Amino acid sequence: MPQVMNRPEPEMIAAILAGDIQLYHELIRPYERSVYVMALSYMKNETDAEDVAQEAIVRAFRKLSSFRAESKFSTWLISITLNEARTRLRRQVLVRMESLDQLPDEGNGLSPALLRDWHEIPSEAIERDEVRKLIQQAVDRLPDIYREVFLLRDVEELSINEAAEALKISIPSVKVRLHRAHLILQKQLAPQLRTVNRTPKRRLLPWL
Amino acid sequence: MVIDCKHVWNYISDFIDGALPEEIRVTVQKHLDHCEICSAILDSTRNIIILTADDRVFELPVGFSERLHKRIDLELMRFAP
Ligand SMILES: [Zn+2]
């Protein structure tokens, strides 16, 4: 997650609460993307995700005086976003919610895809719509409890502690869920990406 | 300490994260040095994490930021007209 470079966050928050409300624009700017990605992971469509992102950011402004400095603003904002998305989904009764207390097993019984000829996937692959869609779909298909941990930790780069705090789960749960998400994604994506990658413009190691 | 492939798979996330205790890390590394399957799985898992973290995978919709800040302005006006 990006850090605010110009002004320390606690200072900005104090100033906003003291009446300099226009500063809120500046405060949330670094987190727009994270809030949207987390909203999208629940809502599964851009319009609803944008709605939830806006609603969560406005709600955070209204609740700003209840923000406690012992947590990071970003973590607090993400948990408001997740709450907003979950509430809306529940209201819409679109998706069956999984119990948040449910602790998954350790990933036993889930074996990775066996690949003997895995080659480096160049980052240019992302420029192809096909590859982006494959990745988005795979992440979308992860069960909620794995997807949210994976997005917070690997995509939005929160620390394990911050992810645990944002989701209100234990640190071991974060680790277990993250690992399970990795195995599921690897198993699903590795064979697909290998096929996608089989018609490269050039081999990375032409002598092999 | 001898471990088999299934043990290594259970350690893969922590291995990538650099979060394994030294003794286990060394054992896993030794296994990876001679096991083609596990090193392929390690590489593909690592690659998938790197690919997924690319900003281009989950892009903001065009105009997202502008619309968001307009919405914030509406809220701020309500708060302090
Ligand atoms: Zn092995």
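**Exercise 1. How many salt bridges does a search of the whole structure find over all chains?**

Solution. Begin with the source: this is a predicted model, in which local features need pLDDT of at least 70 and side-chain atom pairs count only at pLDDT 80 or more, while totals for chains, interfaces and linings use all residues. Residues are numbered from 1 along each chain as its sequence is written, chains are lettered from A and ligands numbered from 1 in the order in which they are written, and side-chain values use heavy atoms, with hydrogens and water left out.

Next comes the criterion: a salt bridge is a side-chain nitrogen of Lys or Arg within 4 Å of a carboxyl oxygen of Asp or Glu. Under that rule the search over all chains yields 18 salt bridges.

**Exercise 2. Work out where the salt bridge between Asp55(B) and Arg33(A) lies and how accessible its two partners are.**

Solution. The two side chains meet at 3.6 Å, N to O. Asp55(B) belongs to the loop between α3 (36-52) and α4 (64-79) of chain B, and Arg33(A) to helix α3 (residues 32-43) of chain A, so the pair joins two chains; helices here are DSSP runs (H or I, at least four residues), numbered from the N terminus.

For accessibility, buried means under 20% relative accessible area, exposed over 50%, and partly exposed in between (1.4 Å probe, protein chains only). Asp55(B), at 48%, is therefore partly exposed, whereas Arg33(A), at 17%, is buried.

**Exercise 3. Describe the salt bridges of Asp17(B) and Asp51(A) in the same steps.**

Solution. Asp17(B) and Arg153(A) form a salt bridge of 3.0 Å, N to O. This pair crosses between chains, with Asp17(B) in helix α1 (residues 5-17) of chain B and Arg153(A) in helix α7 (residues 144-155) of chain A. Asp17(B) is partly exposed at 37% relative accessibility, and Arg153(A) is buried with a relative accessible area of 17%.

In the bridge between Asp51(A) and Arg88(A), the closest N and O atoms are 3.1 Å apart. Since Asp51(A) sits in helix α4 (residues 46-62) and Arg88(A) in helix α5 (residues 73-92), both of chain A, the pair ties together parts that are 37 residues apart in sequence. Asp51(A) is partly exposed at 39%, while Arg88(A) is buried at 13%. Through shared partners, salt bridges join Asp51(A), Arg59(A), Glu84(A) and Arg88(A) into one network.

**Exercise 4. Which protein donors hold the zinc ion, and why is their arrangement called tetrahedral?**

Solution. Donors are N, O and S atoms within 2.8 Å of the metal (3.2 Å for Na, K and Ca), and because water is not among the atoms, sites may look incomplete. The protein donors are Cys5(B) (SG), His31(B) (NE2), Cys35(B) (SG) and Cys38(B) (SG), at 2.0 to 2.3 Å from the zinc ion, and their spacing in sequence is C-x25-H-x3-C-x2-C. Four donors count as tetrahedral if all angles lie between 85 and 135 degrees; the four donor atoms here subtend angles of 103 to 112 degrees, so the arrangement is tetrahedral. Two of these residues, His31(B) and Cys35(B), are buried.

**Exercise 5. Identify the residues with the most contacts inside the largest nonpolar core.**

Solution. A nonpolar core is a set of buried Ala, Val, Leu, Ile, Met, Phe, Trp, Tyr and Cys residues joined through side-chain atoms within 4.5 Å. The largest has 72 residues, and Tyr24(A), Phe73(A) and Phe150(A) have the most contacts inside it. Another core lies apart from it, with 13 residues, including Ile12(B) and Val28(B).

Note on methods: Four donors count as tetrahedral if all angles lie between 85 and 135 degrees; four count as square planar and six as octahedral if opposite donors are over 155 degrees apart and all others between 65 and 115; anything else is irregular.
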